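Visitor: I should like to understand how the terms used for a protein structure are justified. May we look at one together?

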Amino acid sequence: MMKQHNRVAASAAALLVTATALTFDAGTTPVLAQAQAGAQSPTGWHVASEGNEARYRVREQLARLDFPNDAVGRTSEISGAITVDAAGNIVAGASRFTINMAALESDSDRRDNFIRRNTLQTADHPDAVFVPTSFSGLAFPLPESGVLQFRMTGDLTIRGVTRPVTWDVMARVSDDGALRGEATTQFTFADFDITKPRVASVLSVADDIRLEYTFHLLPAR
């Protein structure tokens with residue numbers, strides 16, 4: 001009888017330990033499950049409806065000028081989002097930015113028309129697409145405010161040609177969780193098999209293309 005009593009007591013103690021380990025908080029989810037759910041929840045940002053502009057910048061020598069200047073084309077037709085997991089890894093399939101290259105405009109209609117028809121061939125390839133794959137110099141979770149400086153690497157597709165590129169990024173975290181800042185990258189015409197623009201008013205065009213992105217990203221809700 002004493003042995004049976006001891007077995008019952010041991011079983012009761014085991015049940016008590018188990019119940020204690022699964023103690024609930026004020027809600028209805030166990031604390032351990034809550035921690036796991038929080039750790040697995042992805043974080044994301046999407047392009048806001050305003051405050052975004054993509055630019056190309058190329059050094060050129062015009063026939064009418066005695067000094068070189070930058071040809072700059074701009075568009076605000078940008079869409080996309082980026083999602084990261086709790087460890088700061090970019091979530092594939094949920095991270096992509098698209099720029100409408102056909103909407104690029106500079107200070108010269110002649111230049112713009114030539115670039116659309118010949119350089120970028122936007123009738124067949126209207127968009128440039130950047131798919132981010134990794135960060136460097138960025139720790140997660142992000143601070144609630146302040147300035148961030150890091151690099152972002154991914155695959156850029158222009159006119160059907162895809163190459164890896166790395167952006168230098170400077171961002172500011174707002175109190176509402178939004179990200180605002182500047183990102184820049186650079187490559188050559190040859191990197192993407194792009195033919196340099198050739199018009200009568202342009203004597204020469206540099207080899208390098210600089211892409212700049214002024215961004216305003218809102219947190220996913």
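Guide: The following conversation takes several terms in turn and sets each value against its definition. Please bear in mind that this is a predicted model.

Visitor: Why is F97 called buried?

Guide: The term buried applies under 20% relative accessible area. F97 has 8% relative accessibility, so F97 counts as buried. The residue lies in strand β5.

Visitor: What is F97 in contact with, leaving aside its neighbours within four places in sequence?

Guide: Contact requires heavy atoms within 4.5 Å. By that rule F97 is in contact with V47, S79, G80, A81, I82, A128, V129, F130, P132, Y213 and L217.

Visitor: What makes F97 and Y213 an aromatic pair, and why is the pair called edge-to-face?

Guide: In general, two values describe a pair of aromatic rings, namely the distance of the centres and the angle of the planes. By the distance rule, the count comes to 6 aromatic pairs. F97 and Y213 form one such pair, at 6.3 Å centre to centre and with 65 degrees between the planes. Because centres must lie within 6.5 Å and planes must be over 60 degrees apart for the term edge-to-face, both parts of the name apply.

Visitor: What does this pair tie together?

Guide: F97 belongs to strand β5 and Y213 to strand β11, so the pair ties together parts that are 116 residues apart in sequence. Y213 has a relative accessible area of 12% and is therefore buried. F97 and Y213 also form one aromatic cluster with F215.

Visitor: Why is the pair of F135 and F150 called edge-to-face?

Guide: The rings of F135 and F150 are 5.7 Å apart, centre to centre, with 80 degrees between the planes. Since the limits are within 6.5 Å for the centres and over 60 degrees for the planes, the pair is edge-to-face. The pair links distant parts of the chain, with F135 in strand β6, F150 in strand β7 and the two positions 15 residues apart. F150 has 11% relative accessibility and so counts as buried.

Visitor: How do you know that β9 and β11 are paired strands?

Guide: Two strands pair if at least two bridges are found between them. Strands β9 and β11 are joined by 10 bridges and run antiparallel, so the definition is met. Within these strands, G181 stands opposite F215 in β11.

Visitor: What makes β1 and β11 a pair as well?

Guide: Strand β1, residues 43-47, is joined to strand β11, residues 208-219, by 3 bridges, and the two run antiparallel. Because at least two bridges are needed, these strands pair. W45 stands opposite P219 in β11.

Visitor: What lines the second largest pocket?

Guide: Its lining includes T43, G44, W45 and P219. The largest share of this lining, 3 residues, comes from β1. The pocket holds about 190 Å³ of space, and by class its lining has 6 nonpolar, 4 polar and 2 charged residues.

Visitor: How many cavities are found, and what makes a space a cavity?

Guide: A cavity is a space where a 1.4 Å probe fits but cannot get out. The search of the whole structure finds 3 cavities of 30 Å³ or more. The largest cavity contains about 330 Å³ of space. Of the 25 residues that line it, I82, F97, M152, F215 and L217 are the closest to its centre.

Visitor: Which classes of residue line the largest cavity?

Guide: Its lining has 25 nonpolar residues, no polar and no charged residues. The second largest cavity, of about 100 Å³, has a lining of 11 nonpolar, no polar and 2 charged residues.

Visitor: Which residues lie nearest the centre of the second largest cavity?

Guide: Of its 13 lining residues, A54, R55, I99, M101 and L211 lie nearest the centre. M101 is in the loop between β5 and α3. This residue has 12% relative accessibility and therefore counts as buried.

Visitor: Is R111 buried or exposed, and how do you know?

Guide: R111 lies in helix α3, residues 109-119. With 12% relative accessibility, R111 is under the 20% limit and so counts as buried. Not counting residues up to four places away in sequence, R111 touches Y56, E60, A71 and S106.

Key
Residues numbered from 1 in each chain as written. Predicted model: local features only at pLDDT ≥ 70, side-chain atom pairs only at ≥ 80, totals over all residues. Heavy atoms only, no water. Helix = DSSP H or I, 4+ residues; strand = E, 2+ residues; numbered from the N terminus. Buried < 20%, exposed > 50% of the residue type's maximum accessible area, 1.4 Å probe, protein only. Phe/Tyr/Trp six-rings, centres within 6.5 Å; stacked < 30°, edge-to-face > 60°. 1 Å grid on protein atoms, 1.4 Å probe; cavity = no way out; pocket = protein on both sides within 12 Å on 5 of 7 lines; lining within 4 Å. Points joined across faces, edges and corners; volume = space filled by probe spheres on them. Nonpolar A, V, L, I, M, F, W, Y, C, P; charged D, E, K, R; others polar.
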